[in-house]
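Student: Could we go through this model together, one topic at a time? I would like to begin with the strands.

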Amino acid sequence: MPRITINEDLCKGCELCAAACPKKIIALDPLRLNAKGYHPAGVTDPSACVGCAFCATMCPDCVITVER
Ligand code: SF4
Ligand code: SF4
């Protein structure tokens, strides 16, 4: 299974990763705030990830790492 790592404190909550994910398994966490004061992106269902890395490619701040 691919492994997604999100460096939450660098996230600015722009949701570009969520829009890019073909499996729609990335969403901002409405219950948490990061060091910048944004709701950070998280993976809602890691088992559904196909490892395409579209999320990592789209992120303007290089917050996401995908390991296959
Ligand atoms: S690697 Fe692909 S399927 Fe997995 S979370 Fe990122 S965009 Fe979605
Ligand atoms: S694209 Fe990057 S900065 Fe934007 S919400 Fe996703 S992880 Fe955060």
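**Strands, core and ligand shells**

Tutor: Strand E1 has two faces: Ile4 and Ile6 lie on the covered one, while Arg3 and Thr5 lie on the uncovered one. Please keep in mind that this is a predicted model.

Student: Which strand does E1 pair with, and in which sense?

Tutor: E1 pairs with E4, in the antiparallel sense, and four bridges join the two. Within that pairing, Arg3 stands opposite Glu67 of E4.

Student: How many helices and strands are there in the protein chain, and how do they run?

Tutor: The protein chain has two helices and four strands. Starting at the N terminus, the order is β-α-β-β-α-β.

Student: And the overall dimensions?

Tutor: Along the principal axes, the C-alpha atoms occupy a box of roughly 30 × 20 × 20 Å. The radius of gyration is 11 Å, which agrees with the value near 11 Å expected of a compact globule because the chain has 68 residues.

Student: What share of the residues is buried?

Tutor: Buried residues amount to 21% of the 68 in the protein chain. As for the contacts with a separation of 6 or more, 63% are between residues 24 or more positions apart.

Student: Let us turn to the core. Which residues have the most contacts inside the largest one?

Tutor: The largest nonpolar core has 13 residues, and Ile6, Cys17, Ile26, Cys55 and Ile64 have the most contacts inside it. Strands E1 (3-6) and E3 each contribute at least two residues to this core.

Student: What does Cys17 touch?

Tutor: Leaving out residues up to four places away in sequence, Cys17 touches Ile26, Ala41, Cys55, Met58, Cys59 and Ile64. Of these partners, Ile26, Cys55 and Ile64 are also among the core residues with the most contacts.

Student: You mentioned E3. Is Val43 buried or exposed?

Tutor: Val43, which is found in strand E3, is buried, because 20 other C-beta atoms lie within 10 Å and the threshold for burial is 20 or more. Beyond residues up to four places away in sequence, Val43 touches Ile4, Ile25, Ile26 and Cys49. Val43 and Arg3 are 40 residues apart in sequence, with 10 Å between their C-alpha atoms.

Student: Why does Gly42, also in E3, count as partly exposed?

Tutor: Gly42 counts as partly exposed because it has 17 C-beta neighbours inside 10 Å, and that class lies between the limits of 12 or fewer for exposed and 20 or more for buried.

Student: What is Gly42 in contact with?

Tutor: Apart from its neighbours within four places in sequence, Gly42 is in contact with Ile6, Ala27 and Asp29. The C-alpha atoms of Gly42 and Glu8 are 8.2 Å apart, with their positions 34 residues apart along the chain.

Student: New topic: ligand 1. Which residues come nearest?

Tutor: Cys21, Cys49, Cys52, Phe54 and Cys55 come nearest, out of 17 residues around ligand 1. By class, that shell has 15 nonpolar residues, one polar and one charged. Two of the nearest residues have appeared already: Cys49 as a contact of Val43, and Cys55 as a contact of Cys17.

Student: And which are closest to ligand 2?

Tutor: Ligand 2 is surrounded by 14 residues, the closest being Cys11, Cys14, Cys17, Cys59 and Val63. The shell around ligand 2 divides into ten nonpolar residues, one polar and three charged.

Student: Now the backbone. What is unusual about the phi of Glu15?

Tutor: Phi of Glu15 is near 70°, a positive value in a residue other than glycine. Most residues other than glycine have a negative phi. Glu15 lies in the loop between E1 and helix H1 (16-20), and Glu15 is partly exposed, because 15 other C-beta atoms lie within 10 Å.

Student: What about Cys62?

Tutor: Cys62 also has a positive phi, about 50°, although it is not a glycine. Cys62 is in the loop between helix H2 (54-58) and strand E4 (64-67). With 10 other C-beta atoms within 10 Å, Cys62 is exposed.

Student: Finally, where does Asn7 lie?

Tutor: Asn7 lies in the loop between E1 and H1. Asn7 is partly exposed, with 14 other C-beta atoms within 10 Å. The C-alpha atoms of Asn7 and His39 are separated by 12 Å, the two residues being 32 apart along the chain.

How values were computed
Residues numbered from 1 in each chain as written. Chains lettered and ligands numbered in written order. Predicted model: local features only at pLDDT ≥ 70, side-chain atom pairs only at ≥ 80, totals over all residues. Near = placed C-beta within 6 Å. Nonpolar A, V, L, I, M, F, W, Y, C, P; charged D, E, K, R; others polar. Contact = placed C-beta atoms within 7 Å. Core = buried A, V, L, I, M, F, W, Y, C linked by C-beta atoms within 7 Å. Pairing = 2+ DSSP bridges. Rg over C-alpha atoms; globule rule 2.2 N^0.38 Å.
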